[in-house]
Amino acid sequence: MNNPNQPAQTPGETVARLSLAEKADLTTGAGWWHTIAHPDAGIPEIRLSDGPHGLRLQNDTQADHLGINNSAPATCFPPAVTLASTWDTDLAGRVGGALARECLAHGVHVLLGPGVNIKRSPLCGRNFEYFSEDPLLSGVLGAAWVKGLQAQGVGASVKHFAANNQETGRMSVSADIDIRALREIYLPAFRRVVAEAEPWTVMCAYNRVNGVHASENPWLLTDVLRGEWGYDGLVVSDWGAVVDRARALAAGLDLEMPSSSGAGPARAVTAVESGELSEEALDRSAARVVALARKAATHARPDAAYDPAAHHDLAREVATRGAVLLKNDGALLPLDPDTPQRIAVIGEFARTPRYQGEGSSRVTPTRLDDALTSIIEAAPAAHVTFAPGFPVDAPDVDAAALHEEAVRTAESADVAVLFLGLPPSFESEGYDREHIELPTEQSRLLAAVVAVNPNAVVVLANGGVVRLAGWIDDVPAVLEGWLLGQAGGSATADLLFGRANPSGRLAETIPQRLADTPAYLAWPGENGHVAYSEGLFVGYRHYDARDMPVSFPFGHGLSYTTFDYADLRVASDAAGIDVTVAVTNTGERAGHEVVQVYVAAPGERVRRPVRELKGFATVCLTPGETQNVTVRVARADLAYFDTAAGTWLVEGLDHRIDVGSSSRDIRLTATVPVKGDVYAEEPGADSTVAVWLAHPVGGPAIEALLLRVQKSMGDAYPKERSPRHRMVANMRLSQLAQIPIVPLGFDDVQQLVERVRSAAGTGGQATP
Ligand code: BGC
């Protein structure tokens, strides 16, 4: 560290005293999980570790970024798929805080998470690590998690920036995305986390974005991230994402991880010496590494410890809050723990939980609760029998014998609880799924069990969506458990026996078929490119625009109680809209409701989704209790990205506010007038008449001209909105000038263009 007797040097001053080679070294890792220290220069090392749903602490000799080697025990919280289903920012913040305490106890300065990439297709092998198909939900939860982590003095690394939405070809594929979809769907979660939580680091993705590797993409890493969003932290590469160190530094990629065994620094030095890379670019990145290392050191707490039991309890709370009750016909759930009933527990996952995903996020848990033990403990009056029913990633096991035994077990029970789901090999970082079906032996078992015992409850364990259509009609109750973390077994028992009331809401749509999904035809791309041809229409935006049936819509989730919505009020001011609604618990149990606010924004200039989530709030109500819930919708979130203007614009028209319990269960609706941003495209000679008419200076001039034509044509002039009128609106002004009846010559067109140009600034002001 700096000598306390000397005035502290700024990171820039420290870097200025280093040699070129030392500066280059500083911008690359030392080994797998550390950065290089220069104690004499007051630069400590930083220790980074995976993330995101638990601390994956490895030593450097057994390091890997694929989930192969072991790591030290740490609390395995439910992965993002489950945390997202809680829709609870407070809970996300508490998980962040707990993770930070574990990091501090192990001397880790930066935890590699959260992942806020959008779930473009259910096939993405890493969907379990991401929050949602919706950018607002992903960003709000990601920001809460980062705030919770960093408040304790541990840095986050929001990842993978950007457009890492598939694992197929992830190291090289180009995500080819039109600018509106990038701005409105794939970047906003990052933008929100940067703006609201100021993450210490941002991790770039492996893939290319519109042809350029994310690790050397100046538009992404510098123009947008720093220029537009004002980010002043450090950009780190995904592990091994740097292709060319000099281009990466020039683009704004500060820290290459892990060590490239000298290759990266050597390339940087040569590039500076040859003039290919400016030394300032290297200095800037080196200074950011110094700044981060010093910040991390000031927060280190060598005596820190955490309470594993308390963290296990938190993991259980998140699991109970995140599981989604999809269906509960005849109020089959909750089961009564005091009734002396026969409960058949079927499925290997009840005994061997599937509780997290595969890959770099895999954590060695401090404990592991299984559902079978927890059910036996929770219902002492019941007679519980168990049959594994099917093998999980075990090809040598006699599947037929397991099937027969399970059907017999179910037949003689009062209720059968089936634990079904995806084996670990089905979904992982590094590759994608090929379908969204349950394994065949599980679907066969399910059909056979409900044939002998229709009193069946299905509990699912899966990180990505599985298809339910085809069997869900035969089962009265389904609990979507996603991946519930190390306390998932006890949390499941809490929910099945009503010790906890289900409150999870889907953060992604469950489609009826894979063929219905938005990216179906363009997945996973070809010849190194994947065209995001569905544009903005991802998740519910797609199903709603096409008015398609789905198995369960975005936002759906049942409870053991019911909620009533009344008295919707909207109050707008210059910065946004307050949406207030009275929510009442009309049932007999305390429970959480997630009030969802969607906005249907008019799209006169461009196409807009049918409705988009713009805010939400989670409330806990006792039976009979009413609460007024206010959700703030920021004006900035009403805007769309206008590609012609190159900026965000709000249209000045009535906006509809839909408040509901899911994207397709809208309970109350209101309309609110919104003042628009003034923007008019500057027309030229070849702009259409419609563009001219929309311009504040050009419009009146063209209107006057058309009025003169109308007068001279009398009744022959095309009526407003008639096909001919639309033909005129679609003509270029220069074409209009060619028509003999139109009193407009080419010189007049030029004069008009000049007038509009010289008036620029009086007409075309867009809100940033
Ligand atoms: C993953 C990152 C992870 C890193 C370090 C990469 O393969 O994409 O999410 O943080 O490895 O393990």
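**View 1. Glu612 at the start of its strand.** Glu612 belongs to strand β21, which covers residues 612–621; strands, like helices, are DSSP runs numbered from the N terminus, with E and at least two residues for a strand, and H or I and at least four residues for a helix. The model is predicted, so local features need pLDDT of at least 70 and side-chain atom pairs count only at pLDDT 80 or more, whereas totals for chains, interfaces and linings use all residues. Residues are numbered from 1 along each chain as its sequence is written, and side-chain values use heavy atoms, with hydrogens and water left out. With a relative accessible area of 6%, Glu612 is buried, a class that means under 20% relative accessible area, while exposed means over 50% and partly exposed lies in between (1.4 Å probe, protein chains only). Leaving aside residues up to four places away in sequence, Glu612 touches Tyr540, Arg541, Val597, Tyr598 and Val599, where a contact means heavy atoms within 4.5 Å.

**View 2. His542 in helix α18.** Helix α18, made of residues 540–545, contains His542. Because its relative accessibility is 8%, His542 counts as buried. When residues up to four places away in sequence are not counted, the contacts of His542 are Asp516, Thr517, Pro518, Phe537 and Met548. His542 and Val610 stand 68 residues apart in sequence, and the distance between them is 9.0 Å, C-alpha to C-alpha.

**View 3. Two nonpolar cores.** The largest nonpolar core holds 111 residues, of which Trp145, Phe161, Tyr186, Trp239 and Leu613 touch the most other members. Helix α5 (residues 135–151) gives the largest share of this core, with nine residues. Another core, of 68 residues, lies apart from it and includes Phe349, Ala387, Leu468 and Ile510. A nonpolar core is here a set of buried Ala, Val, Leu, Ile, Met, Phe, Trp, Tyr and Cys residues joined through side-chain atoms within 4.5 Å.

**View 4. Two cis peptide bonds.** Most residues other than glycine have a negative phi, and most peptide bonds are trans. A cis bond joins Lys159 and His160, with omega at about -5°, and His160 is part of strand β5, residues 155–161. A cis bond also joins Trp523 and Pro524, where omega is about -5°. Pro524 has its place in the loop between α17 (488–496) and β17 (529–531).

**View 5. Trp87 and Asp393, with positive phi.** Trp87, a residue other than glycine, has a positive phi near 50° and lies in the loop between α3 (80–86) and α4 (89–105). Its relative accessibility is 0%, so Trp87 counts as buried. Asp393 is not a glycine either, although its phi is positive, at about 50°; the loop that holds Asp393 runs between β13 (383–387) and α15 (399–411). Asp393 counts as partly exposed, because its relative accessibility is 40%.

**View 6. Leu111 in strand β4.** Leu111 is found in strand β4, which consists of residues 110–112. At 0% relative accessibility, Leu111 counts as buried. Measuring from C-alpha to C-alpha, Leu111 and Gly330 are 45 Å apart in space and 219 residues apart in sequence.

**View 7. Asp336 in a loop between two strands.** The loop between β11 (324–328) and β12 (342–346) is the place of Asp336. Asp336 has a relative accessible area of 39% and is therefore partly exposed. Not counting residues up to four places away in sequence, Asp336 touches Gln341 and Phe497. The C-alpha atoms of Asp336 and His556 are separated by 25 Å, with their positions 220 residues apart along the chain.

**View 8. The chain as the setting for the close-ups.** The chain has 23 helices and 26 strands, and buried residues make up 61% of its 768 residues. Taken along the principal axes, the C-alpha atoms fill a box of roughly 95 × 75 × 50 Å. Among contacts with a separation of 6 or more, residues 24 or more positions apart account for 76%. The chain exposes about 28900 Å², of which carbon and sulfur atoms supply 51%, with areas from the Shrake-Rupley method and a 1.4 Å probe.
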